[in-house]
Amino acid sequence: MENTDMKTIQWFPGHMAKTRRAIAANLKLVDAVAEIIDARTPMSSRNPEIDSLVSKKPRIVLLNKCDLADSNATSAWINYFRNSGAAALAVDCKSGKGINKVIPTLKSTVLKDLIEKRQRSGMTGAPVRLMVVGIPNVGKSSLINRLAGSKRAKVEDRPGVTRTKQWVKLQDNNELLDMPGVLWPKFEDQSAAIRLAFTGAVSDDILDTETLAMKLLLFLAENYPQSLKDRYKIDIDSNDTGLILLEKVGKKRGMIVSGGEINTERAAITVLDEFRGGKLGKITLELPTDKEQ
Ligand code: G4P
């Protein structure tokens, strides 16, 4: 599959225009769009123009990596997306959880009218055609692999689809465009970019590692203090700065350099790696009720 690594994609205006055109062309071929986002950052991991890009198509929002997210927050987000008129589901492409609900949910919600229309006109067996869109690293390739499963036998090219684009047959005769729409992230929104860097979705050189870890520790101390205490066996004081928290972690982990100073860089790498790997527990970085979305 194409390389969707953020570090290798430069989102120049020309590339964004090309992406817009490609999405528009592909949309004509499908009945519905699966917009995949990261359940830990459901707002920050959306493309800033997603609503206008796919406004005319029935949509299911898939909150992926729900194994790493706070389940109460995920439920709140699912309600939020459903209230906005999309279907929404929590999925975990790593284990496959929720994947078998994607097509049935589409058919019973946003595609209900189309399915009924087809039934009335005797087209009951017509496939539902779906495409996947999302910013890099949210799990688009993993989702396509999960949906297609062992049935990943390619079907024929269709008119209007460039030669590299193929369809895969899913269960019940449904079809998936075997190439995700790779959308650009919210790089102009600094707080969104920082949340994406926390999860490792964008290259973390937008900030130096220690600053990033300090910001994450402050967020965790405020929102998930028990997770920090459990993982690092540290006390948290309400006046603790990010640096103090980082030093507490480094000290507990014995990350001391010669002269007795705490190696805050090693501590920062540890905190970020452990957060990304889910070792601090199930954590969501933003809620639908947060003011700044
Ligand atoms: P993309 O096509 O949107 O760019 O994303 P991709 O499927 O490549 O997934 C990006 C990373 O996220 C991969 O990890 C993938 O394993 C992981 N991932 C996808 N879905 C889930 C999920 O539901 N839960 C968890 N915990 N992780 C998920 P990687 O480290 O880049 O690769 P690898 O560890 O799979 O080798």
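Start by selecting Lys65 in this predicted model; Lys65 sits in the loop that joins β2 to α3. Its relative accessible area is 23%, so Lys65 counts as partly exposed. Look at the backbone here: phi of Lys65 is positive, about 60°, and Lys65 is not a glycine. For background, most residues other than glycine have a negative phi.

Step back to Asn64, which belongs to strand β2 (residues 59-64). Is Asn64 buried or exposed? With a relative accessible area of 2%, Asn64 is buried. Show what surrounds it. Beyond its neighbours within four places in sequence, Asn64 is in contact with Ile36, Ile37, Asp38, Ala39, Val91, Asp92, Cys93, Val138 and Gly139.

Next, select Asn137, in the loop between β4 (129-134) and α6 (140-148). Asn137 is another residue other than glycine with a positive phi, near 75°. The relative accessible area of Asn137 is 34%, which means it is partly exposed.

Now move to helix α3 (residues 71-83) and pick out Trp77 and Phe81. These two residues are four places apart, about one turn of the helix. An α-helix has 3.6 residues a turn, so residues three or four places apart point the same way. Both side chains are worth displaying. Trp77 is buried, at 0% relative accessible area, and Phe81 is buried too, at 1%.

Keep the rings in view. The whole structure holds five aromatic pairs. How are the rings of Trp77 and Phe81 arranged? Their centres are 5.8 Å apart and their planes meet at 25°, so this pair is stacked. Add Tyr80 to the selection: Trp77, Tyr80 and Phe81 make up one aromatic cluster.

For another aromatic pair, select Phe219 and Tyr224. This pair is tilted, with 6.3 Å from centre to centre and 45° between the planes. Tyr224 has a relative accessibility of 14% and so counts as buried.

Then display helices α7 (residues 190-199) and α8 together. Their axes come within 10 Å and cross at roughly 95°. That angle makes α7 roughly perpendicular to α8. Which residues make the contact? On α7 they are Ile194, Ala197 and Phe198, and on α8 they are Leu212, Lys215 and Leu216. Sorted by class, the contact has five nonpolar residues, one charged residue and no polar ones.

The last stop is helix α10 (residues 242-252). Colour its buried residues, which are Gly242, Leu245, Leu246, Val249 and Gly250. Why can these residues be said to line one face of α10? Viewed down the helix axis, the buried residues fall within an arc of 135°, so they line one face. To see what covers the buried residues of α10, show the neighbouring elements, including α8 (209-223), α9 (225-232) and α11 (264-276).

Rotate to the face turned away from the buried side of α10, where the exposed residues Lys251 and Lys252 are found. Finish at Gly254, which follows α10 and has a positive phi, near 70°.

Methods. Residues are numbered from 1 along each chain as its sequence is written. This is a predicted model: local features need pLDDT of at least 70, side-chain atom pairs count only at pLDDT 80 or more; totals for chains, interfaces and linings use all residues. Side-chain values use heavy atoms; hydrogens and water are left out. Rings of Phe, Tyr and Trp (its six-membered ring) pair if their centres lie within 6.5 Å; planes under 30 degrees apart count as stacked, over 60 as edge-to-face and the rest as tilted. Buried means under 20% relative accessible area, exposed over 50%, partly exposed in between (1.4 Å probe, protein chains only). The arc is that of the directions from the helix axis to the C-beta atoms. Contact means heavy atoms within 4.5 Å. Axes are lines fitted to C-alpha atoms, for helices over the stretch in contact, and angles run from 0 to 180 degrees between N-to-C directions. Angles under 35 degrees count as roughly parallel, over 145 as roughly antiparallel, 65 to 115 as roughly perpendicular and the rest as oblique. Ala, Val, Leu, Ile, Met, Phe, Trp, Tyr, Cys and Pro count as nonpolar, Asp, Glu, Lys and Arg as charged, and the others, Gly among them, as polar.
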